[in-house]
Amino acid sequence: MLSKQLWRSFAARNKIVNGLFKHNQKKTQSSSIVTRNASNRNSDIDAELNKPVKYTTSPANDWKAQHSRLGSKAEFGPWYEPHAVSASLILFMIYFFILREENDLDLLLDKPLSETLKKE
């Protein structure tokens with residue numbers, strides 16, 4: 001909900017800028033001196049964009065850090081993803097901890113480090 005409010009505030013600011021562009025384009029078309037209107041257009045836009053935004057009345061006042069940390073629902077993935085990951089981990093652990101036979105490397109790792117590193 002807050003992201004919609006933020007979007008609306010950005011859209012409202014964008015409407016102001018677009019309105020200034022349209023207004024100044026009409027002024028430029030009707031006038032014979034293009035350079036003077038171009039500088040007026042830039043100064044009008046700069047003046048509008050440089051106005052301070054009142055924080056207490058903006059949607060940013062209601063924004064909590066928790067909203068930024070959580071993200072959107074689309075970032076969490078499908079509903080079955082945790083079940084698929086859990087099943088995969090369980091099968092992996094059953095195979096490697098119970099069903100797999102020991103090989104030469106496993107036997108080498110069972111020896112103490114002093115025996116494996118001693119020089120002959």
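**Helix α4, its nonpolar patch and a nearby salt bridge**

I90 is part of helix α4, which covers residues 81-99. The model described here is predicted, and α4 is a good place to begin, as this helix has the highest mean pLDDT among the elements of the chain, at 96. Helix α1, spanning residues 2-30, has the lowest, with a mean of 58.

Over the whole chain, the mean pLDDT is 75, and 62% of the residues reach 70 or more. Confidence stays under 50 over residues 30-35. For that stretch, the model has 2 contacts beyond four places in sequence. Where pLDDT is low, the predicted coordinates should not be read in detail. That caution applies to residues 30-35, where pLDDT is under 50.

The overall architecture is simply told. The chain contains 6 helices and 0 strands, so that the order of elements from the N terminus reads α-α-α-α-α-α. Of its 120 residues, 8% count as buried. The chain exposes about 10,900 Å², and 60% of this area is supplied by carbon and sulfur atoms. Turning to contacts between residues at least 6 apart in sequence, 59% of them join residues at least 24 apart.

Part of the exposed surface is a nonpolar patch made of V85, L89, I90, F92, M93, I94, Y95, F96, F97, I98 and L99. Together these residues have about 1,100 Å² of accessible area. I90, the residue named at the outset, is thus one of the members of this patch, and its helix, α4, runs over residues 81-99.

Aromatic side chains deserve a closer look. A pair of aromatic rings is described by the distance of the centres and the angle of the planes. The count for this model comes to 3 aromatic pairs. One of them joins W79 and Y80 in an edge-to-face arrangement, with 5.5 Å from centre to centre and 90° between the planes. W79 counts as exposed because its relative accessibility is 70%, over the 50% cut-off. Y80, with a relative accessible area of 46%, is partly exposed. A further edge-to-face pair is formed by Y95 and F96, whose centres are 4.9 Å apart and whose planes make an angle of 85°. Both partners of this pair are partly exposed: Y95 has a relative accessibility of 42%, and F96 has a relative accessible area of 37%. Y95 and F96 also belong, with F92, to one aromatic cluster, and these three residues appear again in the nonpolar surface patch.

What do the charged side chains contribute? The count comes to 1 salt bridge, in which the side chains of D106 and R100 meet at 2.9 Å, N to O. D106 lies in helix α5, which comprises residues 104-110. This aspartate counts as buried because its relative accessible area of 18% is under the 20% cut-off. Its partner R100, at 31% relative accessibility, is partly exposed. Leaving aside residues up to four places away in sequence, D106 touches R100 and E101. The contact between D106 and R100 is therefore also the place where a buried acidic residue and a partly exposed arginine form the salt bridge.

Definitions and conventions
Residues numbered from 1 in each chain as written. Predicted model: local features only at pLDDT ≥ 70, side-chain atom pairs only at ≥ 80, totals over all residues. Heavy atoms only, no water. Patch = residues over 30% accessible without salt bridge, like charges linked within 9 Å, V, L, I, M, F, W, Y side chains within 5 Å. Areas by Shrake-Rupley, 256 points an atom, 1.4 Å probe, with all protein chains shown as cover. Salt bridge = Lys/Arg side-chain N within 4 Å of Asp/Glu carboxyl O. Helix = DSSP H or I, 4+ residues; strand = E, 2+ residues; numbered from the N terminus. Buried < 20%, exposed > 50% of the residue type's maximum accessible area, 1.4 Å probe, protein only. Contact = heavy atoms within 4.5 Å. Phe/Tyr/Trp six-rings, centres within 6.5 Å; stacked < 30°, edge-to-face > 60°. pLDDT = per-residue confidence, 0-100.
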